[in-house]
Amino acid sequence: MKMLMSQIFHPVKEDMVKNRILKIEIMRFNPDEPDRMPFMQKYTVEEDKRISILNVLQNLRDNEDPTLRFDAVCRSAVCGSCAMMINGRPGLACRTYTSELPSGIKLHPLPFFKLIGDLSVDTGTWFRAMYERTESWIHSSGSTENLYQDNEKMKAVYDLDRCIECGCCAAGCATANMSDTFITAAGLLRAARFFIDPRDERTESQWYDVIGNDEGMFGCSSYLACNDYCPKNIPMQNTLAMLRRKMIKAGIFGKSR
Ligand code: SF4
Ligand code: SF4
Ligand code: FES
């Protein structure tokens, strides 16, 4: 029997689907009309089997309101562009099913990032700046081509490389929502990804200059909302704890690794 991708990733039992009437409220705001205050627009939607928040939004845009703005590319938790606040929690619209939610659903854009309009935010500019801030490329004095690497070490690197740049960790982070210069979990993961890469020659002291401050590792409260909201289940807890230990050591002793 052919299996739908939605069944593989989200096995919803038939009896869980109640065909309810959903009351959807979506924050609307057009920055091109700055005199018009943001408001919540209400829509009524009949629930269907295995319908995602992204399906709801696409149906609304196709059939009711072509001006509704939101982003989506892959529909399969790969591109990260459909992240938004769903009943107050950051999540991917393409991987959040109405059957997981009450019949009243409120959608807001992610905080922290620049609002483009309605549910659409500009994560790209922020991630680009963060990659420049962390110098997200291998720093090596020689060629890294055809260099043998230990499998276990590279598995750990690739585990941190699974970030899809959705921004959910930043949106759910109390520090980020108080300080727009905080590097966020995504930035700390990026630093960790190169820190543990055996090909990268940057020392602990050099990393301390980048993230050894209140806008970096020491601004992190370690309550791990980022861990709860990351849709890719990237291991934040161990990674942030490792980086904190290394940065404390570098701050006290200023030693190279
Ligand atoms: S542990 Fe808390 S403060 Fe630190 S990056 Fe994650 S959400 Fe932000
Ligand atoms: S670390 Fe997770 S939550 Fe944060 S941007 Fe990457 S995939 Fe999204
Ligand atoms: S549409 Fe790509 S992650 Fe949701």
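**Notebook: two loops, two ligand shells, one shared core**

I began with R50, which counts as partly exposed because 18 other C-beta atoms lie within 10 Å, a count below the 20 at which I would call a residue buried. The model I am reading is a predicted one, and I keep that in mind for every entry below. R50 sits in the loop that runs between strand 2 (39-46) and helix 2 (53-63). I looked up its backbone as well, and found that phi of R50 is near 50 degrees, a positive value in a residue other than glycine.

I then turned to L224, where phi is again positive, at about 65 degrees, although L224 is not a glycine. I placed L224 in the loop between helix 8 (204-211) and helix 9. With 18 other C-beta atoms within 10 Å, L224 is partly exposed.

For an exposed position I chose N19, which has 8 C-beta neighbours inside 10 Å and therefore counts as exposed. N19 belongs to the loop between helix 1 (5-9) and strand 1 (21-28). When I set aside residues up to four places away in sequence, I found N19 touching E46 and E47. I also took the distance from N19 to L110, and noted 28 Å from C-alpha to C-alpha for a pair 91 residues apart in sequence.

**The chain as a whole**

I counted 10 helices and 7 strands in the protein chain. Its C-alpha atoms fill a box of roughly 60 × 55 × 30 Å along the principal axes, and 31% of the 257 residues count as buried. Looking at contacts between residues at least 6 apart in sequence, I noted that 67% of them join residues at least 24 apart.

**Two domains**

The domain assignment splits the chain into domain 1 (5-121) and domain 2 (134-253). I read a separation of 30 Å between the centres of the two domains, taken over C-alpha atoms. Where the domains meet, 15 residues of domain 1 are in contact with 12 residues of domain 2. On the domain 1 side, strand 3 (83-86) and strand 4 (89-92) are the elements that give two or more residues, and strand 4 supplies the largest share, with 4 residues. I sorted this side of domain 1 by class and obtained 11 nonpolar, 2 polar and 2 charged residues.

**The core and helix 7**

I next asked which residues touch the most other members of the largest nonpolar core. They are C169, L188 and A191, within a core of 55 residues. Helix 7 (residues 184-195) gives the most to this core, contributing 8 residues. Because domain 1 (5-121) and domain 2 (134-253) both give residues to the core, I place it between them. For background, I recall that nonpolar side chains tend to be buried together in soluble globular proteins.

Helix 7 deserved an entry of its own. I found 12 of its 12 residues buried, and the buried list includes R190 and R193 as well as L188, A191, F194 and F195. Helix 7 reaches 16 Å from its first C-alpha to its last, which is close to the 16 Å expected at 1.5 Å a residue. Within it I followed A191, which, leaving aside neighbours within four places in sequence, is in contact with T134, W207, V210, I211 and L243.

**Around the ligands**

Which residues are closest to ligand 1? I found C173, A185, C220, A225 and C226 to be the closest of the 13 residues that surround it. The elements that give two or more residues to this shell are helix 6 (174-178), helix 7 and helix 9 (225-229). By class, I entered 9 nonpolar residues, 4 polar residues and no charged residues for the shell around ligand 1.

Around ligand 2 I found 14 residues, of which C163, C166, C168, C169 and C230 come nearest. Helix 5 (168-171) and helix 7 are the elements that give two or more residues to this shell, and the largest share, 3 residues, comes from helix 7. The classes here are 11 nonpolar, 1 polar and 2 charged.

Reading back, I see helix 7 entered for the shell around ligand 1, for the shell around ligand 2 and for the largest nonpolar core. C169 likewise appears twice in my notes, once among the residues nearest ligand 2 and once among those touching the most other members of the core.

Note on methods. Residues numbered from 1 in each chain as written. Chains lettered and ligands numbered in written order. Predicted model: local features only at pLDDT ≥ 70, side-chain atom pairs only at ≥ 80, totals over all residues. Core = buried A, V, L, I, M, F, W, Y, C linked by C-beta atoms within 7 Å. Domains from an automatic or database assignment. Contact = placed C-beta atoms within 7 Å. Near = placed C-beta within 6 Å. Nonpolar A, V, L, I, M, F, W, Y, C, P; charged D, E, K, R; others polar. Expected span 1.5 Å × (residues − 1).
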